[in-house]
Amino acid sequence: MLTQIINGKIFTPQGWIEDGSVLIRDHQILEVTNCDLALIGAEQVDARGMFIVPGYVCMHAHGGGGHDFTELTEEAFRKAVKAHQKHGATSIFPTLSSSSFDEIRQGVAICEKLMAEEGSPILGLHLEGPYLTPKRASDQFGGKLCEPNVEEYTSLVESTHCIKRWDASPEVPGALDFARYLKSKGILAAITYTEAEYPLVKKAFEAGFTHTSHFYNGMPGFHKCREYKYEGTVESVYLVDDMTIELIADGKHLPSTILQLAYKVKGTERTCLVTDALAYAAAGEEEVNDPNIIIEDGVCKTKDHEHLAGSIATMDVLVQNMVKAGVQVENALRMASETPARLMNVYDRKGSLEKDKDADILILDSKLNVRAAWDMGQLVEGI
């Protein structure tokens, strides 16, 4: 089946194409051209002058649509993924927050099954913990933290192909060897929930921790200890030129000034936009059933108003907020598509509109709202 999207402003790696067209055959992009002449035999979609852009790559989300991936059911995975698809995430790496290894293996089994389905938007699993420092993460993860056990993590990784990313605190004993192992297996290793200063951040990067999760939110910045001042993890990551970062650009976790600063220092190629979304993303407030959490001002908070509990953002919101923070539209789009696709080693088929790549395509209006989406050439319903 042929589908031709015409009469739009197409975003490609070479820049914008005015009034061109994108031709889809089955799951792939057959052609991206500056010609919008109707093709005989093709189903034609009129973009009506709107933006035609690559689908977003969601590399860090815990749930959505009222479901968390830690529910460890196919239904939870499917409904959460569907919720994010409707907001432009045509590729997703479900995130399991710090869990026991029995729970992780359950998540692996579900993920493998869904990944095997034709045209699945699930590209792999992202693990957050349990190798986290209690000093930074104990309140959130309720006693499920531990130090890396070589036999434990090697056995898990060797048993599956679906683990694509794993986050840990570099100061935990054994974490640097853990990162070296992940690097040898082509798995993205990220530091998070950490108080590491420059010497350790540099060692962590050299060991294989090339990415930074929850940038600013899961780590301290510049600080004073007695009469002396010290760089925090944030400044240390800035100093390691090739270390990549992710920003929870929901407009709540970080103010626009910090979004601007991070972007200016790290740039488009080293910055990813992530939702870090909880189950309440793209869900009605009536679906909030945690007695300890409230949704207020567009973010999840603890009921005592002492802490942010998590994001309810979707990928479209992140792009909109980066543009509001002064980032050019094309660079905000790249940080939601191209850059995460590169980091997660799927840029050969995802993250840009190019011939022979997967037909993951969005139509956005002038306010960058998703008006239509194709995931592997299939129109996403419910938008």
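This report covers the overall build of the protein and then one helix, α9. The model is predicted.

**Overall build**

The protein holds 11 helices and 23 strands. Its C-alpha trace spans about 70 × 45 × 45 Å along the principal axes. The radius of gyration is 21 Å; a compact globule of 383 residues would have a value near 21 Å, so the two agree.

Contacts reach far along the chain. Among those with a separation of 6 or more, 68% join residues 24 or more positions apart. Burial stands at 56% of the 383 residues.

**Surface and charge**

About 16,200 Å² of the protein is exposed. Carbon and sulfur atoms supply 48% of that area. The protein carries 37 positive and 56 negative charges. Their mean positions lie 4 Å apart.

The main percentages are set out below.

| Property | Value |
|---|---|
| Buried residues, of 383 residues | 56% |
| Contacts (separation of 6 or more) between residues 24 or more positions apart | 68% |
| Exposed area supplied by carbon and sulfur atoms | 48% |

**Helix α9**

Helix α9 runs over residues 315–324. How many of its 10 residues are buried? Seven are, so the helix is largely enclosed by the rest of the structure. Buried here means under 20% relative accessible area.

The buried residues of α9 are M315, D316, L318, V319, Q320, N321 and M322. Among them, L318 and V319 are neighbours in a run that continues through Q320, N321 and M322.

After α9 comes G326. The phi of G326 is positive, near 105°.

Notes:
Residues are numbered from 1 along each chain as its sequence is written. This is a predicted model: local features need pLDDT of at least 70, side-chain atom pairs count only at pLDDT 80 or more; totals for chains, interfaces and linings use all residues. Side-chain values use heavy atoms; hydrogens and water are left out. Helices (H or I, at least four residues) and strands (E, at least two) are DSSP runs, numbered from the N terminus. The radius of gyration is taken over C-alpha atoms; the globule rule is 2.2 Å times the number of residues to the power 0.38. Buried means under 20% relative accessible area, exposed over 50%, partly exposed in between (1.4 Å probe, protein chains only). Contact means heavy atoms within 4.5 Å. Accessible areas come from the Shrake-Rupley method with a 1.4 Å probe; for residues, only the protein chains shown count as cover. Lys and Arg count as positive and Asp and Glu as negative; His and the chain ends are not counted. The place of a charge is taken as NZ of Lys, CZ of Arg, CG of Asp or CD of Glu.
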